[in-house]
Number of protein chains: 2
Amino acid sequence: MFVIITYDVSESRVNKVRKVLKKYLIWTQNSVFEGVITEAKLYKCLSEVNRIMDKREDSLYIYKVENPKNLSKDVLGICKNPEDMFL
Amino acid sequence: MFVIITYDVSESRVNKVRKVLKKYLIWTQNSVFEGVITEAKLYKCLSEVNRIMDKREDSLYIYKVENPKNLSKDVLGICKNPEDMFL
């Protein structure tokens, strides 16, 4: 399964959320992670993030595509580098 | 076709990019638009955005799923509201 995770998390929690996501997925852009992951690992990832987030303020969207072949990705401009991530 | 567009654009250009994206897609979160769109309309949208972006600094990712049925979306936390967009 291929997932794209986008998030809008308060400054006070965003680094912790990023650290969790970075264990499971690839940072691609400000507030965006992507990658191939199993349902079990995604469940584990989201349970960890769930404990950090304040669900009244923060938001995290999980786009799932079962077969990665059904998704294509184009880039306009530069391809961000994981080192660009502010951790 | 369903698309998710994520972007990392310099402050000086980001509002213009948002205004273009808002004509074609739905704002869902900070730096994220999504929606169903035709190939022709997506081409038009990206040509407009292309004229605004500085491709040495800015980055825009376009995730495409031909059949929207092949994509599912979950939300953790709050569902952001288009009015929350800083325009």
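These legends accompany several close-up views of a predicted model with chains A and B.

In this predicted model, local features need pLDDT of at least 70 and side-chain atom pairs count only at pLDDT 80 or more, while totals for chains, interfaces and linings use all residues. Residues are numbered from 1 along each chain as its sequence is written, chains are lettered from A and ligands numbered from 1 in the order in which they are written, and side-chain values use heavy atoms, with hydrogens and water left out.

**View 1. The axis that relates chain A and chain B.** Chain A lands on chain B after a rotation of 180° with 0.0 Å of shift along the axis, at an RMSD of 0.0 Å (least-squares superposition on the C-alpha atoms of residues with pLDDT of at least 70 in both copies). The two copies are therefore related as by a two-fold rotation axis. To find the axis from chain A, look for Asn70(A), whose C-alpha is the nearest in that chain, 3.4 Å away.

**View 2. The surface shared by chain A and chain B.** Here 36 residues of chain A are in contact with 36 residues of chain B (contact means heavy atoms within 4.5 Å). The copies meet through the same surface, because 100% of the interface residues of chain A are also interface residues in chain B. About 3,200 Å² is buried between the chains, with carbon and sulfur atoms giving 54% (the accessible area, 1.4 Å probe, that two parts lose on being put together, summed over both). In chain A, Tyr61(A), Tyr63(A) and Leu76(A) lose the most area to chain B, together 23% of what that side buries.

**View 3. Polar links between the chains.** There are 2 salt bridges between chain A and chain B (a side-chain nitrogen of Lys or Arg within 4 Å of a carboxyl oxygen of Asp or Glu). Lys64(A) and Asp74(B) meet in a salt bridge, at 3.3 Å from N to O. The side of chain A that touches chain B has 16 nonpolar, 9 polar and 11 charged residues (Ala, Val, Leu, Ile, Met, Phe, Trp, Tyr, Cys and Pro count as nonpolar, Asp, Glu, Lys and Arg as charged, and the others, Gly among them, as polar).

**View 4. Strand pairing from chain A to chain B.** β5(A) runs antiparallel to strand β4 (residues 59-65) of chain B, and the two pair over 7 bridges (strands are DSSP runs of E, at least two residues, numbered from the N terminus; two strands pair if DSSP finds at least two bridges between them). Within this pairing, Leu71(A) stands opposite Val65(B).

**View 5. The hairpin of β2 and β3 in chain A.** β2(A) and β3(A) pair in the antiparallel sense over 3 bridges, with Gln29(A) opposite Val32(A). Of the hairpin's 2 residues between the strands, take a look at Ser31(A), which has a positive phi near 70°.

Methods:
Polar contact = N/O pair within 3.5 Å; in protein donor to acceptor, adjacent residues only side chain to side chain. Helix = DSSP H or I, 4+ residues; strand = E, 2+ residues; numbered from the N terminus.
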